[in-house]
Every structure is written in structure tokens, then in C-alpha cells.
Amino acid sequence: IAVLVPDRVFRNEDLDATHEHTFHQIEGIYVGKAEDVKVGNLVAVLKTYMSEFFGQELEVKIQPFYFPFTEPS
């Protein structure tokens, strides 16, 4: 199972030159047998989705990080 959900996200913040109260985000989940599923599977699904959405092949850069406020995510 591979699912991507694009949507708008709203934050209760004041507008300034670097922040907007609305932004777009894509959530993804990839489900399968633990021994068969790697993060690369989700990256491939995201890359395919974005390439189809924009109608061209895209270069993808993944920057993993730890964000404790949403862990696990």
C-alpha cells in the first residue's frame, strides 16, 4: 500500500516577510512486510508523484532530520 495525501496546512501565526499562515504539505505512508519496506520505497513513490504532477523528471534531495515535536513521523 502506498498513499500520498497533498493538502494545505494552516498555522495560527502572524504574517511577516518570511512566514505565511498557509503552506502545502505532502504526507506519505508505505505499508508492506517489514523485511521488504525501506525508506527508499517511500522516496520512489514521492519522486514518481512529483514528476507526474510537474510533467518532467525531477532531481530529488532528501534531508532526513529529527524533529521531536512530531516524533515518530
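A residue counts as buried when its relative accessible area is under 20%, exposed when over 50%, and partly exposed in between (1.4 Å probe, protein chains only). By that yardstick, 4% of the 73 residues of this chain are buried. You are looking at a predicted model, where local features need pLDDT of at least 70, side-chain atom pairs count only at pLDDT 80 or more, and totals for chains, interfaces and linings use all residues. Residues are numbered from 1 along each chain as its sequence is written, and side-chain values use heavy atoms, with hydrogens and water left out.

**Overall build**

- The chain has one helix and two strands, and from the N terminus on they follow the order β-β-α. Helices (H or I, at least four residues) and strands (E, at least two) are DSSP runs, numbered from the N terminus.
- The radius of gyration of the chain is 15 Å, whereas a compact globule of 73 residues would have one near 11 Å. This radius is taken over C-alpha atoms, and the globule rule is 2.2 Å times the number of residues to the power 0.38.
- Along its principal axes, the C-alpha trace spans about 45 × 35 × 20 Å.
- Carbon and sulfur atoms make up 57% of the chain's accessible surface of about 6,700 Å². Such areas come from the Shrake-Rupley method with a 1.4 Å probe; for residues, only the protein chains shown count as cover.
- Take the contacts (heavy atoms within 4.5 Å) between residues at least 6 apart in sequence: 27% of them join residues at least 24 apart.

**Confidence**

- The average pLDDT of the chain is 81, and 93% of the residues score at least 70. This score is the predictor's confidence in each residue, from 0 to 100.
- Confidence is highest in α1, at a mean of 86, and lowest in β2, at 81.

**The aromatic cluster**

- A pair of aromatic rings is described by the distance of the centres and the angle of the planes. Rings of Phe, Tyr and Trp (its six-membered ring) pair if their centres lie within 6.5 Å; planes under 30 degrees apart count as stacked, over 60 as edge-to-face and the rest as tilted.
- The structure holds two aromatic pairs. In one of them, the ring centres of Y49 and F53 are 6.1 Å apart and the planes sit at 20°, so this pair is stacked.
- Y49 and F53 are about one helical turn apart, because they lie four residues from each other in helix α1 (residues 39–54).
- Y49 is partly exposed at 26% relative accessibility, while F53 is exposed, with a relative accessible area of 57%.
- F53 also pairs with F54: their ring centres are 5.0 Å apart and their planes are at 85°, so the pair is edge-to-face.
- F54 is partly exposed, at 47% relative accessibility.
- Together, Y49, F53 and F54 form one aromatic cluster.

**Two residues to find**

- T22 belongs to strand β2 (residues 22–30). Not counting residues up to four places away in sequence, T22 touches R8, V9 and F10.
- The side chains of T22 and H21 share a polar contact of 2.8 Å. A polar contact is a pair of N or O atoms within 3.5 Å; within protein, one must be able to donate a hydrogen and the other to accept it, and residues adjacent in sequence count only if both atoms are side-chain atoms.
- V37 sits in the loop between β2 and α1 and is partly exposed, with a relative accessible area of 24%. Leaving aside neighbours within four places in sequence, V37 is in contact with Y30, V31 and G32.
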